[in-house]
Number of protein chains: 2
Amino acid sequence: MARRCGESSGVSCLSCQWRQHSEWRVLNEEETRFLSRNRKSREYRAGEPIFAMGEPSHGLYCMISGTAAIRKSDAEGNTALLRILYPGDTLGYRGVLLEEKRRYSAEALGPSRVCFIDKPVFKTLLDRNPALGQQFLRRIAKDMDEAHDHLVRNANLCNRDKFVHLLHALMNRGGCTATDGSRFMELPLSRRDLASMIGARHETLSRIISRLEEEGVARFSGRTVHVRKPHSLLQVMQHPALLD
Amino acid sequence: MARRCGESSGVSCLSCQWRQHSEWRVLNEEETRFLSRNRKSREYRAGEPIFAMGEPSHGLYCMISGTAAIRKSDAEGNTALLRILYPGDTLGYRGVLLEEKRRYSAEALGPSRVCFIDKPVFKTLLDRNPALGQQFLRRIAKDMDEAHDHLVRNANLCNRDKFVHLLHALMNRGGCTATDGSRFMELPLSRRDLASMIGARHETLSRIISRLEEEGVARFSGRTVHVRKPHSLLQVMQHPALLD
DNA sequence: CGGGGGTTTGAGTCCGTTCAAAATACGTGG
DNA sequence: CCACGTATTTTGAACGGACTCAAACCCCCG
């Protein structure tokens with residue numbers, strides 16, 4: 001399915017299935033056609049970098065299919081996975097808006113198709129349609145808020161609860177509901193990366209996962225995860241007994 | 001000193017000593033006079049709230065003197081101190097730009113003077129001078145970057161090192177250099193709040209502080225802190241021996 | 001069949017937390 | 001100016017979570 005939409009979106013941004021859910025939805029038909037003509041679509045293999053920290057920002061990217069990850073590292077080389085990008089998400093807009101070098105790196109998590117929009121093309125559209133700038137302002141404000149929430153969670157929750165929260169967020173994005181009300185999904189990340197998202201070692205995450213299985217909160221096998229009572233996920237924090 | 005500048009800034013934004021360092025620097029003389037006429041300046045006592053989470057955003061604020069804190073709390077009531085604001089900083093612009101309710105709360109840390117700019121006044125200035133919007137875009141992007149850095153540090157550093165980093169940042173902002181090259185300053189925060197900034201309990205911070213004193217990195221007494229070798233602060237992470 | 005990456009498990013240690021109590025600083029009213 | 005009550009900070013002991021290091025395990029791929 002992800003395959004087919006990737007191909008159909010390759011034809012034109014007008015018929016892109018994510019158009020109405022992305023920042024580009026404020027563009028009219030002519031502007032969208034302009035975008036479509038000037039964008040470049042390309043496949044990425046799993047793990048392939050999209051851009052790297054410190055590079056100049058030549059343009060922005062738009063996910064068509066697959067998933068990508070935002071990573072950032074500090075001076076000592078410690079890195080953290082900050083965010084996961086799904087089809088319809090734009091990335092790298094910050095560097096372009098501010099004419100800055102990239103402050104984080106992005107890479108494809110699985111086989112993905114990503115469109116590239118050149119800086120001049122983006123600038124032209126921003127000039128033609130002021131609502132587009134407003135969209136990106138809204139977007140950056142939302143990102144900001146997410147980052148702050150993340151910060152508050154990190155300060156107050158233990159690793160187990162941070163992971164439960166992450167699971168909840170991932171489920172909302174990519175999960176499927178089964179007939180019995182339970183939810184399951186294919187995790188887009190390795191255990192190592194899951195651990196990096198909550199700021200823990202992979203060994204610790206491994207133990208947390210065992211614990212969640214013992215408690216009956218979820219079942220893991222490979223990258224597949226089943227959650228028995230997805231609605232009570234957030235209530236299960238610090239209180240596994242609530243599972244009934 | 002902070003007192004006098006507060007009073008002089010009370011007269012007009014034109015003569016505000018922070019003007020050239022704030023987002024308002026792109027305004028011309030007439031626009032600044034307009035801002036000056038329509039802003040309201042007011043004193044806050046220590047601990048007094050400036051605005052609270054969930055309130056509608058009626059306008060934005062500009063610190064004249066003193067310091068303020070941004071706090072955010074999650075659903076369970078856990079809070080974290082996200083940021084400290086110094087004279088010249090604007091706050092609360094996000095809610096105004098996006099017509100949203102406040103997503104965090106702000107409060108004065110010590111006796112402070114803060115100007116309030118009504119939403120319509122701000123919108124008028126944004127219309128008149130597009131460079132102002134660009135300034136705030138830059139500002140939000142910088143904030144975003146800081147939040148991400150914070151996230152990476154939280155994921156990889158132990159509490160001691162997080163605190164050393166915080167100390168470094170605070171010093172750069174409000175520290176004074178003594179004749180022997182050491183630096184000292186008056187901390188704007190209580191121990192509890194310092195602990196909240198690095199996501200630790202106040203007891204833990206207390207122990208960290210004792211340790212730093214034993215190691216000879218810094219000396220604390222009340223809210224005053226002396227750092228012996230400020231330049232090597234960041235090198236001291238995990239390696240107190242480097243102090244020589 | 002033998003790597004090699006990713007993942008799990010185990011043991012030991014350290015760091016940070018919790019809870020409780022003492023010590024210190026601070027503001028207020030006498 | 002001092003005494004008092006309150007809030008903040010420090011200290012202590014015990015516990016638990018998370019980390020390190022090391023080894024075993026698994027699964028996919030050549």
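## Confidence in the model

pLDDT is the predictor's confidence in each residue, on a scale from 0 to 100. What we have here is a predicted model, and for chain A the mean pLDDT is 90, with 93% of the residues at 70 or more. The start of the chain calls for some care: over residues 1-9 of chain A, pLDDT stays under 50. For that stretch the model has 11 contacts beyond four places in sequence. Where pLDDT is low, the predicted coordinates should not be read in detail.

## Two copies and their axis

Let's turn to how the two protein chains are arranged. A turn of 180 degrees, with a shift of 0.0 Å along the axis, lays chain B on chain A with an RMSD of 0.1 Å. The two copies are therefore related as by a two-fold rotation axis. Within chain B, B:Met144 has the C-alpha nearest the axis, 2.8 Å from it. Both copies use the same surface, as 100% of the contact residues of chain B recur in chain A.

## Where the chains meet

Contacts between the chains involve 28 residues of chain B and 28 residues of chain A. On chain B, the elements that give two or more residues to this side are β4 (68-73), β5 (79-85), α3 (93-98) and α5 (130-156). Of these, α5(B) gives the most, with 16 residues. By residue type, the side of chain B that touches chain A has 13 nonpolar, seven polar and eight charged residues.

## A hairpin in chain B

Two of the elements just named, β4(B) and β5(B), form a hairpin with five residues between them. In the turn, B:Gly77 has a positive phi of about 90 degrees. The two strands run antiparallel and are joined by six bridges, and across the pair B:Ile70 stands opposite B:Arg83 in β5(B).

Six of the seven residues of β5(B) are buried, so this strand is largely enclosed by the rest of the structure.

## Around the DNA

Finally, a look at DNA strand C, which has 17 residues around it. Those that come nearest are A:Ser190, A:Ser206, B:Cys158, B:Asn159 and B:Thr204.

Both protein chains supply helices here: α7 (191-198) and α8 (202-215) of chain A, and α6 (159-174) and α8 (202-215) of chain B, each give at least two residues to the surface near the strand. The largest share, six residues, comes from α8(A). The residues of this surface divide into three nonpolar, seven polar and seven charged.

How values were computed:
Residues are numbered from 1 along each chain as its sequence is written. Chains are lettered from A and ligands numbered from 1 in the order in which they are written. This is a predicted model: local features need pLDDT of at least 70, side-chain atom pairs count only at pLDDT 80 or more; totals for chains, interfaces and linings use all residues. Two residues are in contact if their C-beta atoms, placed from the backbone, lie within 7 Å. Helices (H or I, at least four residues) and strands (E, at least two) are DSSP runs, numbered from the N terminus. Ala, Val, Leu, Ile, Met, Phe, Trp, Tyr, Cys and Pro count as nonpolar, Asp, Glu, Lys and Arg as charged, and the others, Gly among them, as polar. A residue is near a molecule or strand if its C-beta atom, placed from the backbone, lies within 6 Å of it. Copies are superposed by least squares on the C-alpha atoms of residues with pLDDT of at least 70 in both. A residue is buried if 20 or more other C-beta atoms lie within 10 Å of its own, exposed if 12 or fewer, and partly exposed in between; C-beta atoms are placed from the backbone. Two strands pair if DSSP finds at least two bridges between them.
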